[in-house]
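Open the model in your viewer and keep the selection tool at hand. The stops below go from strand pairing to the cores and the aromatic rings.

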Amino acid sequence: MASLRVFGIDKTIALEIAQETSRCMLDFKSDFMDKYGVNLSNKLISELVGKIFEVQCEQILTKKLGYEVRKEKSDKEPDLFFTKIKRPLEVKLTSTANAWTGGEFSKRPFDYLLVSWGGNFGEFFMALVHLEKKDWKSNFKSNFYGPSYSAKKLHERQDKIVLLGSLEETPRGAIKIIRKKIV
């Protein structure tokens, strides 16, 4: 496995992506949700944050890296594809402070950009990590479709690159995602 640094995403770029995603989501909230009194589930809001996040990644990374970074056009494509280095990057978002959910039947290992958002779209955590199928905890037997990857497992990884925020041990020994305030 090649270094995750090959993607060229640093803390400055990560912060810009988070800030633009935040700005877009705040505009969406004001122009649509607040204006029309629309209440959306957290799951749907997270999907919207994810799509906007991918658009911002495509635009900002293409500009900052000097070559095309493409976002997915269908579910069978990787979330982001770095054309110059010919490497995919999957993006997993959560609004929780302790885990990410993946696809139960995904067979391929991936490099991941793990993101946690919150605080009215004003707080973000981001980390790069390479995960294999075995790294994900299956929840299928518990009648829950998606496998999970915990903040604790991420905290234990020596090869992760934390771009925004941190991982912190609670007094009870759990690991919690600490998001960085970006606005």
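Select S6 and S8. They pair in the antiparallel sense over three bridges. S6 covers residues 123–131 and S8 covers 161–164. Pick Met126: Leu164 in S8 stands opposite. Note that this is a predicted model.

**Other partners of S6**

Add S5, residues 110–118. S5 and S6 run antiparallel, joined by nine bridges. Return to Met126, which is also the bridge partner of Val115. Now look at the hairpin of S5 and S6. Four residues lie between the strands, and Gly119 takes a positive phi near 55°.

Next, select S11, residues 180–181. S11 pairs with S6 in the antiparallel sense too, over two bridges. Click Phe124 and its bridge partner, Lys180.

**The two faces of S6**

Show the side chains of S6. In a regular strand, side chains alternate between the two faces of the sheet. Which residues of S6 point the same way as Phe125? They are Glu123, Ala127, Val129 and Leu131. Phe124, Met126, Leu128 and His130 point the other way. Both sets are buried. S6 is mostly covered, with nine of its nine residues buried.

**The largest core**

Nonpolar side chains tend to be buried together in soluble globular proteins. Here the largest nonpolar core has 34 residues. Select Ile9, Phe53, Leu61, Phe82, Leu113 and Met126, which touch the most other members. Then colour the elements that each supply at least two residues: helices H1 (11–36) and H2 (42–65), and strands S2 (80–82), S3 (87–94), S5, S6 and S8. Which element gives the most to this core? H2 does, with seven residues.

Centre on Phe82. Leave aside its neighbours within four places in sequence, and its contacts are Phe7, Ile9, Leu61, Leu65, Tyr67, Glu68, Val69, Arg87 and Leu89. Ile9 and Leu61 are themselves among the residues that touch the most other core members.

**The second core and the rings**

Move to a second, separate core of 15 residues. Select Leu114, Phe125, Trp136 and Tyr149, which are included in this second core.

Keep Trp136 and Tyr149 on screen and add Phe110 and Tyr112: these four form one aromatic cluster. How many aromatic pairs does a search of the whole structure find? It finds eight. To describe any such pair, use the distance of the ring centres and the angle of the planes.

Notes
Residues numbered from 1 in each chain as written. Predicted model: local features only at pLDDT ≥ 70, side-chain atom pairs only at ≥ 80, totals over all residues. Heavy atoms only, no water. Phe/Tyr/Trp six-rings, centres within 6.5 Å; stacked < 30°, edge-to-face > 60°. Core = buried A, V, L, I, M, F, W, Y, C linked by side-chain atoms within 4.5 Å. Buried < 20%, exposed > 50% of the residue type's maximum accessible area, 1.4 Å probe, protein only. Contact = heavy atoms within 4.5 Å. Pairing = 2+ DSSP bridges.
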